[in-house]
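Hi,

Here is the structure I promised to pass on. Have a look at it first, and then read my notes below.

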There are 2 protein chains.
Amino acid sequence: MKTAQSTILGVLGGGQLGRMLIQSAINYNQDIHILDPDPNAPCKDLAQKFSVGSLKDFDTVYAFGQNCDVITVEIESVNTDALAKLESEGKQVYPQPHILKLIQDKREQKQFYQQHDIPTADFILTDTKQDVVANQGFLPAVNKLGKEGYDGRGVQILRGTDDLEKAFEAPSLLEKLIDFDKEIAVTVARNKEGELIAYPAVECAFHPTANLVEFLFAPAEITPEVEAKAQEIAKDVILKLDMVGILAVEMFVTKDGNVLVNEIAPRPHNSGHHTIEANFTSQFEQHLRSVMNWPLGNPDLRCPAAMINLLGEDGYTGEAYVEGKEEAMQEKGVYIHLYGKKLTKPFRKMGHVTLLDENVDQLKERANRIKDLIKIKSYS
Amino acid sequence: MKTAQSTILGVLGGGQLGRMLIQSAINYNQDIHILDPDPNAPCKDLAQKFSVGSLKDFDTVYAFGQNCDVITVEIESVNTDALAKLESEGKQVYPQPHILKLIQDKREQKQFYQQHDIPTADFILTDTKQDVVANQGFLPAVNKLGKEGYDGRGVQILRGTDDLEKAFEAPSLLEKLIDFDKEIAVTVARNKEGELIAYPAVECAFHPTANLVEFLFAPAEITPEVEAKAQEIAKDVILKLDMVGILAVEMFVTKDGNVLVNEIAPRPHNSGHHTIEANFTSQFEQHLRSVMNWPLGNPDLRCPAAMINLLGEDGYTGEAYVEGKEEAMQEKGVYIHLYGKKLTKPFRKMGHVTLLDENVDQLKERANRIKDLIKIKSYS
C-alpha cells in the first residue's frame, strides 16, 4: 500500500535553498530526491537520493522526475519542457512549468505584469544595443538581460549617454529607474486547495556594487497602508499566475507611497531566510507545505529580525573559513547558517546570519556590527 | 592543511536525538559520522557517514571512533572501554567515558550524589529480591534496576508488601517514594573551556502507565526560590562530575519546597525538545557547541511552550501513519517533529509536537487538545 510517508519530493537544484528545505522536511519524514550538476552541492549527504546531472538537459530532468511524485525547484533555470512533459503525465509539478518559463524571461515577466494590471516600472523591450541607443530619452534606466540574469548578473544601470556603450546586445529590457524610498519584499504561498498566505513585508538593503541583498530587516519600516498595499499586490501576483508554491515578490516603495513590483522568484528566496527563526513558519517549511498541498502555516513574525548575507570576501578565493564566527556565536539571538560550500570566491553566497532583537534600533546597530565581524575568507 | 570545517564529530547512536543534532549541525557545516545497529535508524541518509554496527561492541566502537576527531553519544548504553581507549589515545570524547560508565549504573549514580552532597531521595542498594523483602519497612519505594533500565523499563513502584513479589532479582536500588509536588528538569551545558549555562526549569507530566514524559511545560510553574535552587543543583551536578557536554537533570520538587535529584542524562533529552522553537539556543545546538568546545549559546526562553510526545498508540503495530496531523498543522505555533521511523508499536517514541503560546492557560488547554488530536497508528 502506498502511504503518505513514501511520497517522494524531487527538487531541481541542491544548493543552500534545497539544504534548508531538507532541514524542514526532516520534521515531516518527507523523503527528498535532489538533482544538481555539482557533485559537491550543499545538499550532498543530506537527501534520501542525490543525483548529479544537468538541470537544463531534457532527458536528465525527465528521468529524474519519473522517480518522484511531486517535483519542485530551488532555482528557476531548469528545463521546463521536461517538467511540462512530467506534468502532462500526471506528476505534480510546482511551481507549474509555464510559470517557470515565464520567470526565466524577464521580458515576458514584465509583459505579464502589464497585461494583468500589476503595478510595475515602465519599460521598453530592446533587442540590440542600437535599440537602447534609439531609446536614450528613456534614461536613467535599468538594462536587464531577458534571460540568464541571476544574483546581480545581467542587470546594470544606464544613468546617461556615457553608459550607452555597455547596453546589452541581446534581447533585454530597459526599465525606468525608480527613485524609490525603499525596496521591500513580500513572500506569498499558495497550495493546490487554493489556500493563500502572505508574510509581513521585509525591507532589503543592497550591497552597493554586487547587487545582492546585504541586509534585510523584518518588519519593514513602512506605513500600515503601504504594508496592506504590498501584501495585496503580492497576493494578486500569485493569484493571477494561478501559481502553487511559494513566491517572493520584490517591490519598490516610491517616495510618494506607490508600490511597484520589481521582480519575483517562485521559490524560497534570500529575502525570507530570517523566517527560520523569526516567524512562526519558515519559508522553507511553507514551500514544502504549499507544493505538497498540506495546510499552510501561520506567517506572522515572532520577533523583529535582521538577516545578513555572508558573501565571500572580495580578494579571497579558495578553501573557506569563517572569521569572527566564535565571537558572534556568543551573542544572544545570533543564528549562523553556513551553506556547506568548501570553496569561497568573491561575493559567493556562503551563508547568512539571522539576528533577533525586540529593540529595532539595537537590531540595526547589532546587524552592522555583526556584518563587520563575520567575514568569509580563504586559507590560501 | 587541516581546517575547522573538516573536524569530524562521531555520534554513537543514530536515533531521533542524533537526527535533531544533525539538523543543527547543518548550520555549522559540521560533518557528522553516525554509528547505529539499525540500518534504518532515523539518521540514515542524513549524515556524512552512516555506519551500521553495535554500540556495545568494543572493536566496532573503537574502529568507528578512530575516524573521528570528537566523539559523543545520543544514548548512554555504549561500550565505554572503547571510548576510554580512544580518549587515552587523544580523541576528544564528551561526555567523558567515566561519566557514561557512572550513568550506566543507577546504583553508582546514587552513590555519587550521596558522596557529593547532591540532594536526592534516600535509598538502599539491593542485590536480590530477598534483600528487598528484608527492607520492606522502606516501602513505599521505587525499585530500579542498576543497569539496562531505559524509557520506563527497569523501574517499578513497590507500594506495599503485596508488590514485593515483583521486586527485581538483580543488583538494584530501593529508593524512597517521594511524595512530590512536581517533577521538573533543568538542562545544563559545559564546554572544555569551563563555560557553563543552565536552561530555565521545565515541568514534566508523565504518562500514567508507560512512565514516559507525556507533556512538558516551559517554564515550570515554580517559585523563583525553587527555580534558583534547581538551577544551582543542576550546575553543581555537572561541575562535580567535571563533565563536558549537555546534561539533563531531572528533579522532584517536594511539597515542602525541597529539590531532589532524580536522574540525569548526559545528552540531549526528551525534556529539552521544546528548546528547538522555544529557546534562543536549542539543546541540540548546545550539545554541539559544548562537545566541540565552541562558545555556549544563550539558553533563555523566547516563549512559553508545551511539548507533547507522540508515542505509538497502544494496540497498533506496523507501518505508521499520523492521524490528525493536517488539522494540527493549521494551528499557529504548532511544530510537528517526526523521527523517521517507518514502523510503530505501542509507546514507541515516534515524534513530538512543540506548541508555543504566550498565554500559559491557553497553552495547557491547547496541549491537551493536540494530544487528543494527533495519534500514531498503523495501516495494517
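Which residue lies over the face of F217(A), and at what distance from the ring centre? The answer is K364(A), at 5.0 Å. Before you go further, keep in mind that this is a predicted model. There is another lysine of this kind: K325(B) lies over the face of W294(A), 5.1 Å from the ring centre. Note the chain letters there, since the lysine belongs to chain B and the tryptophan to chain A.

**Aromatic pairs**

Counting over all chains, I get 10 aromatic pairs. One of them is F215(B) with F217(B): the ring centres are 5.8 Å apart and the planes make an angle of 20°. Planes under 30 degrees apart count as stacked, so this pair is stacked. Both partners are tucked away: F215(B) is buried, with a relative accessible area of 8%, and F217(B) is buried as well, at 11%.

Y321(B) and Y379(B) make a tilted pair, with 5.0 Å from centre to centre and 45° between the planes. Y321(B) sits in strand β17 (residues 318-323) of chain B, while Y379(B) is in the segment after β21 (375-378) of chain B, so the pair ties together parts that are 58 residues apart in sequence. Here the rings belong to partly exposed residues: Y321(B) has a relative accessible area of 26%, and Y379(B) has 28%.

**Two helices that pack**

In chain B, helix α2 (residues 58-66) packs against helix α3 (residues 80-88) at an angle of about 35°, and their axes are 8 Å apart. The crossing of α2(B) and α3(B) is right-handed. On the α2(B) side, the contact comes from F58(B), V61(B), Y62(B), G65(B) and Q66(B); α3(B) contributes D81(B), A82(B), L83(B), K85(B) and L86(B). Sorted by type, the residues of this contact are 6 nonpolar, 2 polar and 2 charged.

**A buried helix**

How many of the residues of helix α9 (residues 283-291) of chain B are buried? It's 9 of the 9, so the helix is largely enclosed by the rest of the structure. The buried residues include some that carry charged side chains by type, among them E285(B) and R289(B), alongside others such as F284(B), L288(B) and V291(B). After α9(B) comes N293(B), which has a positive phi, near 55°.

Have a look at these spots when you open the model, and write back with any questions.

Cheers

Technical notes:
Residues numbered from 1 in each chain as written. Chains lettered and ligands numbered in written order. Predicted model: local features only at pLDDT ≥ 70, side-chain atom pairs only at ≥ 80, totals over all residues. Heavy atoms only, no water. Axes fitted to C-alpha atoms, helices over the stretch in contact; angles between N-to-C directions. Helix = DSSP H or I, 4+ residues; strand = E, 2+ residues; numbered from the N terminus. Left-handed = near helix turned anticlockwise from the far one by under 90°. Contact = heavy atoms within 4.5 Å. Phe/Tyr/Trp six-rings, centres within 6.5 Å; stacked < 30°, edge-to-face > 60°. Buried < 20%, exposed > 50% of the residue type's maximum accessible area, 1.4 Å probe, protein only. Lys NZ or Arg CZ within 6 Å of the ring centre and 35° of its normal.
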